[in-house]
Amino acid sequence: MVAISLKRKLSILADAAKYDASCASSGTTSRDSRDGTGVGSSGPGMGICHAYAPDGRCISLLKILLTNFCVYDCAYCVNRVSSNVERARFSPAEVVDLTLSFYKRNYIEGLFLSSGIIQSADYTMGQLVQVVKTLRQVHDFRGYIHLKLIPEASPELVAEAALYADRVSINIELPKDDSLIRLAPEKDAVVIKKAMGKVRTGIVAAKDDKSRARPPKFAPAGQSTQLIVGADEAADGDILSRSETLYGAYGLRRVYYSAFSPIPDASAKLPLSKPPLLREHRLYQADWLMRFYGFTRAEIAAPGEMLALDKDPKLAWALAHRGDFPIDINRADRERLLRVPGLGVRSVDRLLALRRLKRLRLDDVKRLAGSLKKVQPFILADDWTPGALTDAPDLPARLPPEQLSLFG
Ligand code: SF4
C-alpha cells in the first residue's frame with residue numbers, strides 16, 4: 001500500500017465520519033460529501049464537529065474514523081467493502097497523538113471515534129479500546145469521549161470500552177429488521193439489541209453500585225444510536241415506533257435521525273432521491289414530544305403513517321384535537337399545558353411558577369412564550385377567550401409561518 005501523509009489520512013477519515021449523526025447537535029446539517037464542504041468535511045477545520053455534552057454545553061469534538069476500510073457491505077454506507085473510495089487507516093497511537101495535540105491547542109474538547117470493521121469485530125474493537133484506554137490511563141485525558149461500539153465484538157471488550165468512554169453508541173441504522181437484512185446483510189438486529197441490552201445493564205449496575213466509594217464509571221453519559229431516514233420504505237410512524245422501543249427497552253439517551261444522503265458510488269439498492277431534510281427535522285420534533293412533552297408515539301404517528309411536513313407534529317396534533325382546547329392557563333396542569341402549541345417546556349415551567357403569585361393574563365403569556373400568535377387560539381387567560389377561533393376552519397392559514405426550531 002502507498003504510504004499517505006497524516007494530513008491526508010485526517011482528511012479522508014474525518015470526511016468518512018461525517019455521515020454518523022450520533023454526535024451531531026442538529027438534524028439539519030447537510031451531509032452530502034460530494035462537494036467536500038460541511039461539518040466534519042475535508043475542508044478547513046476538518047474533523048471538528050459540535051455536539052452537546054450531557055450537561056447541555058456545546059462542545060467541539062474531533063470526529064474521525066480509525067479506518068474507513070471495512071469488510072462489511074452495508075448498502076447505505078460510503079465505506080462499504082464494495083465502495084470505490086480512497087481508503088486510509090490510523091494506528092491507535094496516531095489517534096491518541098492527534099487527539100492530544102488538538103486538545104492541547106484548544107481546538108477540541110473531546111473525541112468522537114468510530115471505525116469500519118477490519119479483520120474482525122474483536123480486532124477492531126480492541127484497537128478502539130486501545131485508543132481510549134491509552135488516552136485515559138497513560139495521558140490522563142479528561143476530555144469527553146464518544147466511542148462507537150461494534151455489537152459483534154465480545155462483551156468483555158465492549159464492557160472495557162465503556163469504562164473509558166463517556167458515551168457509547170451502537171447504530172441500529174434501519175428502522176425495520178427486514179431492511180437491515182436487505183441492506184446490511186452482515187448485521188443482525190438481534191445481536192445489536194443484545195449488545196445494547198448489555199450496555200444498559202452495565203450502566204445501571206455502575207449507578208447502583210454502592211459497594212465502593214467510587215465505583216468504576218461505565219459510559220456515564222449513556223448510550224445513543226442512529227436511524228437512517230429514507231434509505232428504506234419505513235414511514236415516520238415505523239421509525240418513531242423503533243425509537244419508542246429503543247428508549248423504553250434500552251434506556252437510550254438519544255436516538256439520532258439521519259436523512260439518507262447521496263453518497264458517492266451509491267448502491268443500486270438505495271432510492272434514487274434523498275428524502276426532504278425537513279422530514280428529519282419533523283422526526284426530531286416528534287422525538288422531543290415523546291421524551292419531554294408526555295406524548296406517546298401512538299398519538300403522533302401510527303405505523304405506516306408519515307408526519308406532516310407543512311406543520312410541526314405538536315401543532316398537527318392540536319389541530320386534529322381541537323375539542324381538547326382551549327386550555328385554561330390558570331388551571332391546567334403541566335401535562336396539559338405542554339400540549340399547547342407555542343409553549344415549550346421552559347415557558348410552561350415559568351408560567352407555573354408565575355401562576356403561584358398571580359392570575360395569568362395574555363401579556364404574561366406573551367412575555368414568557370415570546371409570541372402569542374401560535375398560542376392564542378388554544379388557551380384561555382384571565383383577559384382572553386379565543387371564542388370560535390379554536391375551531392375556525394381556516395385556523396391553520398391564520399397561524400404564523402413556522403420558525404424551524406425544536407418547539408414550542
Ligand atoms: S459496518 Fe457497515 S456501516 Fe459500518 S463502516 Fe462498515 S459498511 Fe459502513
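**Reading a two-domain model, feature by feature**

Colleague: Let me start with D364: does D364 count as buried or exposed?

Modeller: You count neighbours. The cut-off for buried is 20 or more other C-beta atoms within 10 Å. D364 has 20 C-beta neighbours inside 10 Å, so D364 counts as buried. Bear in mind that this is a predicted model.

Colleague: Where is the place of D364?

Modeller: Look in helix α13, residues 362–369. You can also compare sequence distance with distance in space: D364 and L351 are 13 residues apart along the chain, and 8.0 Å separates their C-alpha atoms.

Colleague: Which residue shows that kind of thing over 50 residues in sequence?

Modeller: Try G110, in strand β3. G110 and S60 are 50 residues apart in sequence, yet 6.7 Å apart in space, C-alpha to C-alpha. G110 is buried because 24 other C-beta atoms lie within 10 Å. If you skip the neighbours within four places in sequence, the contacts of G110 are I59, L61, G143, Y144 and I145.

Colleague: And D333, how far is D333 from Y247 in space?

Modeller: Those two are 86 residues apart in sequence and 25 Å apart in space, again C-alpha to C-alpha. D333 lies in the loop between β8 (327–328) and α11 (334–337). Since D333 has 9 C-beta neighbours inside 10 Å, D333 counts as exposed; the cut-off for exposed is 12 or fewer.

Colleague: On to backbone angles. Which residue other than glycine has a positive phi?

Modeller: N106 does, with phi near 65°. N106 sits in the loop between α2 (92–104) and β3 (110–114). E173 also has a positive phi, near 65°, and is not a glycine either. You'll find E173 in the loop between β5 (167–169) and α5 (177–183).

Colleague: Is N106 buried or exposed?

Modeller: N106 is exposed, because 8 other C-beta atoms lie within 10 Å. E173, on the other hand, counts as buried, because E173 has 22 C-beta neighbours inside 10 Å.

Colleague: What kind of peptide bond joins F325 and P326?

Modeller: Check omega for that one. Here omega is about 0°, and the bond joining F325 and P326 is cis. P326 belongs to the loop between α10 (313–320) and β8.

Colleague: Now helix packing. What describes two packed helices?

Modeller: You give the angle between their axes and the distance between the axes. Take α4 (residues 155–164) and α6 (residues 189–208): their axes come within 11 Å and cross at roughly 45°. That angle makes α4 oblique to α6. As for handedness, α4 passes α6 in a right-handed crossing.

Colleague: Which residues in α4 and α6 meet?

Modeller: From α4 you have P155, V158, A159 and A162, facing A195, K198, V199 and G202 in α6. By class, that contact holds six nonpolar residues, one polar and one charged.

Colleague: How do the axes of α7 and α8 cross?

Modeller: The axes of helix α7 (residues 236–250) and α8 come within 11 Å and cross at roughly 40°. So α7 and α8 are oblique to each other, and their crossing is right-handed. In this contact, D236, I239, L240, S243 and E244 of α7 meet R282, L283, A286, D287 and M290 of α8. The contact residues divide into five nonpolar, one polar and four charged.

Colleague: Last topic: which domains does the domain assignment give?

Modeller: The assignment gives domain 1 as 6–265 + 274–300, and domain 2 as 313–398. Their centres, taken over C-alpha atoms, are separated by 38 Å. Nine residues from domain 1 and six residues from domain 2 make up the contact.

Colleague: Which elements give two or more residues to the domain 1 side?

Modeller: On the side of domain 1 that touches domain 2, those elements are α8 (277–292) and α9 (297–300). The largest share there, five residues, comes from α8. By class, this side of domain 1 has five nonpolar, two polar and two charged residues. You've already met α8 as the helix that crosses α7.

Terms used
Residues numbered from 1 in each chain as written. Predicted model: local features only at pLDDT ≥ 70, side-chain atom pairs only at ≥ 80, totals over all residues. Helix = DSSP H or I, 4+ residues; strand = E, 2+ residues; numbered from the N terminus. Axes fitted to C-alpha atoms, helices over the stretch in contact; angles between N-to-C directions. Parallel < 35°, antiparallel > 145°, perpendicular 65-115°, else oblique. Left-handed = near helix turned anticlockwise from the far one by under 90°. Contact = placed C-beta atoms within 7 Å. Nonpolar A, V, L, I, M, F, W, Y, C, P; charged D, E, K, R; others polar. Domains from an automatic or database assignment.
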